[in-house]
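I opened this notebook to keep track of what I looked up, one topic at a time. The entries follow the order in which I went through the model.

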Amino acid sequence: MAAPFPAGGRHPGWPARLGALRVGAGVVELRPVRLLDGAAWSALRLRDEAHLAPWEPTMPGTWAQRHSSAEWPGRWMLLRSAARKGTALPFAITLDGRLAGHVMIGNVVREPLLSAYVGYWCDRGVTGSGVTTAAVALAVDHCLGPAGLHRIEATVRPENVASRRVLVKLGFREEGLFRRYLDVDGAWRDHLCFALTAEEVPPGGLAGRLVSSGRAERA
């Protein structure tokens, strides 16, 4: 059993900087999201609409409205608040120091479940180069280690082959199909549920397994 939640609401394992892992595209690290990320976040999201929109929850407004740089401060404040309350760990993915995506650990539930979900997105320009896999490995190792969680879940549309591949490479188990689970891209979509518990993490963690298999190097 993990240690009790600290007095004052400080999130175990947060804030944190994680990494670094070197993959084909460069050096991958994780850090807390920042207010100053707004311009880079907006530029990536606007450019990659076609790549990202089919997999993201339906929200009010157009994609351009929701991802303008003016929208970021409000989003960042919500993420910072959730992290301070201990319900989330919102990480920015950096590649050679520049913003390349996000890994979101959300719906953190403490004792007795000690669980959370992981969600992620990455710059389409580095898709398939190991960046997302390395980033998720770093985040999950942290969650099932210093952050004191026991189980991490991920839900993915069956059509999202790239995202499913990330989870399978990292050893997540497919547990079942959730029918009409989430309103995504304008309709209620089925999602596959994947999960991983602390007992299933190999010695050296998921990042260590990527290194030992030759998929990444310590940087």
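**The loop between β4 and β5**

I began with P112, which is placed in the loop between β4 and β5. I noted that the model is a predicted one, and then I looked up the peptide bond from E111 to P112, which is cis with omega near 5°. In the same loop, between β4 (98–109) and β5 (115–122), I found R110.

Which side chain of opposite charge is nearest to R110, and how far away is it? I found that it is E111, at 5.6 Å. A salt bridge needs a side-chain nitrogen of Lys or Arg within 4 Å of a carboxyl oxygen of Asp or Glu, and R110 has no salt bridge although it is buried. I did find that the side chain of R110 reaches the backbone oxygen of A147 at 2.8 Å.

**Another cis bond, and two positive phi values**

I next turned to the segment before β1 (18–23), where P15 has its place. The peptide bond from W14 to P15 is cis, and its omega is near 0°. I wrote down as background that most peptide bonds are trans and that most residues other than glycine have a negative phi.

With that in mind I looked up N107, which sits in strand β4 and has a positive phi of about 50° although it is not a glycine. Is N107 buried or exposed? I found it exposed, with a relative accessible area of 54%.

D185 also has a positive phi, near 50°, and is a residue other than glycine. I located D185 in the loop between β7 (173–184) and β8 (187–197), and its relative accessible area of 40% makes it partly exposed.

**Helix α4**

I then checked the length of helix α4 (residues 72–85), whose 14 residues reach 20 Å from the first C-alpha to the last, close to the 20 Å expected at 1.5 Å a residue. Which residues of α4 are buried? I listed W72, W76, L79, A82 and A83. These buried residues lie on the same side of α4, because they cover an arc of only 125° around the axis. On the other side of α4 I found L78, R84 and K85, which are exposed.

**Helix α5**

I repeated the length check on helix α5 (residues 131–143), whose 13 residues should span 18 Å at 1.5 Å a residue; the end C-alpha atoms are 19 Å apart, so the length agrees. How many of the residues of α5 are buried? I counted 13 of 13, and I therefore wrote α5 down as mostly covered, with buried meaning under 20% relative accessible area.

**The annotated span**

I consulted the UniProt record, an unreviewed entry, which places the feature "domain: N-acetyltransferase" at residues 28–199. In the model I found the end C-alpha atoms of residues 28–199 to be 26 Å apart, and I noted that this span is 31% helix and 35% strand.

**A glycine in a later loop**

My last entry concerns G214, in the loop between α7 (205–212) and β9 (217–218). G214 is exposed, with a relative accessible area of 61%. I compared its position with that of G145: the two are 69 residues apart in sequence, and their C-alpha atoms are 23 Å apart in space.

Conventions
Residues are numbered from 1 along each chain as its sequence is written. This is a predicted model: local features need pLDDT of at least 70, side-chain atom pairs count only at pLDDT 80 or more; totals for chains, interfaces and linings use all residues. Side-chain values use heavy atoms; hydrogens and water are left out. Helices (H or I, at least four residues) and strands (E, at least two) are DSSP runs, numbered from the N terminus. Buried means under 20% relative accessible area, exposed over 50%, partly exposed in between (1.4 Å probe, protein chains only). Lys and Arg count as positive and Asp and Glu as negative; His and the chain ends are not counted. A polar contact is a pair of N or O atoms within 3.5 Å; within protein, one must be able to donate a hydrogen and the other to accept it, and residues adjacent in sequence count only if both atoms are side-chain atoms. UniProt positions are given in the numbering used here, feature names are shortened, and annotations may be inferred rather than shown by experiment. The expected span of a helix is 1.5 Å times one less than its number of residues. The arc is that of the directions from the helix axis to the C-beta atoms.
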